Amino acid sequence: MAKNLKVLVSGCSFSESQPGYNPNDEKQWKPWSDFLSEKYNVKNVGRGSYCNFGISKSIVKEILHGYQPDLVIIQWSGIARRFSKKDSDLVMRVLETPQKDLDLVGLDFHSFENLEKYYEEIQYGSLQEILLVQEFLQNRNVPYICFWGWKEIHTPHEYMDLIYNDNWILNHNNFGFLNHVIKKWGEESACVHDGHPNTRSQKWLYKQILSKIEKSLI
């Protein structure tokens, strides 16, 4: 495998690089993306709390600005993350946010009691973001791998036949990375105190991704 393989990574905190990782601190973890960086030339634009719009935006932005990856790896986040029920809420949040943090602007819809009332519309919007990015990459002949951070689809959805393809991993029963490692080891052995997958789990995911790369893309 060539170290110079250029890999673009995006996702939320499950995939964000952790350059200050301390293996002696049980509250920290080394993400799969940092394991991957030891083998390939990785550009990681994932950020904690990113919604799927933020993830898709980060990928498209890098490529349109001239970055030419050999492979894109995407960890999709929560469907209801970073949405609001009123446009005015988002406008006010933008006005109050420093420019350097604008990519993270939004409201977590889980804070609203009437989430169920709007969930179907939110789900459509989030899945459309995923579909648009996949079509963007396919139209540019850029290979990609994607997976859920955790299970987000709980009932059949008409977009599934459009979204799921051979580039997806770990999505049986709409599972995500977190669901697999908890099923494998139990939550206490798979996660740190706040529910993020720990280093053991991250290394397991790294091996799943590496296997996919070795079999299909190089």
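# Exercises on a predicted model

Of the 56 residues in the largest nonpolar core, Ile 73 and Leu 137 touch the most other members. Such a core is a set of buried Ala, Val, Leu, Ile, Met, Phe, Trp, Tyr and Cys residues joined through side-chain atoms within 4.5 Å. Helix H4 (residues 115-139) supplies the largest share of this core, seven residues.

This is a predicted model: local features need pLDDT of at least 70, side-chain atom pairs count only at pLDDT 80 or more, and totals for chains, interfaces and linings use all residues. Residues are numbered from 1 along each chain as its sequence is written, and side-chain values use heavy atoms, with hydrogens and water left out.

**Exercise 1. State the order of the elements from the N terminus on.**

Step 1. Define the elements: helices (H or I, at least four residues) and strands (E, at least two) are DSSP runs, numbered from the N terminus.
Step 2. Count them: the protein has eight helices and four strands.
Step 3. Read along the chain: β-α-β-α-β-α-α-β-α-α-α-α.

**Exercise 2. Describe the open sheet.**

Step 1. Its four strands have the order S2-S1-S3-S4, with parallel pairing. Two strands pair if DSSP finds at least two bridges between them.
Step 2. Find the edges: strand S2 (41-44) and strand S4 (144-148) each pair on one side only.
Step 3. Add the twist, which averages 15° from one strand to the next.
Step 4. Inspect one pair. Strand S1 (residues 6-10) and S2 pair in the parallel sense over four bridges. Leu 8 has Lys 43 in S2 as its bridge partner. Lys 6 stands opposite Asn 41 in S2.

**Exercise 3. Sort the side chains of S2 by face, and say why S1 is described as largely enclosed.**

Step 1. Set the cut-offs: buried means under 20% relative accessible area, exposed over 50%, partly exposed in between (1.4 Å probe, protein chains only).
Step 2. In S2, Val 42 and Asn 44 point to one face and are buried. Asn 41 and Lys 43 point to the other face and are not buried.
Step 3. In S1, four of the five residues are buried, so the strand is largely enclosed by the rest of the structure.
Step 4. For the whole protein, 48% of the 218 residues count as buried.

**Exercise 4. List what Ile 73 contacts, leaving aside its neighbours within four places in sequence.**

Step 1. Contact means heavy atoms within 4.5 Å.
Step 2. The partners of Ile 73 include Val 7, Leu 8, Val 9 and Ser 10. Also among them are Trp 32, Leu 36, Ile 145, Phe 147, Ile 209 and Ile 213.

**Exercise 5. Characterise the packing of helix H6 (residues 177-185) on helix H8 (residues 199-216).**

Step 1. The angle is about 115°, and the axes are 10 Å apart. Axes are lines fitted to C-alpha atoms, for helices over the stretch in contact, and angles run from 0 to 180 degrees between N-to-C directions.
Step 2. H6 contributes Phe 177, His 180, Val 181, Lys 184 and Trp 185 to the contact. H8 contributes Arg 200, Ser 201, Gln 202, Trp 204 and Leu 205.
Step 3. These contact residues divide into five nonpolar, three polar and two charged.
Step 4. H8 also lies across strand S3 (71-76) and S4, running at about 150° to S4.

Definitions and conventions: Nonpolar A, V, L, I, M, F, W, Y, C, P; charged D, E, K, R; others polar.
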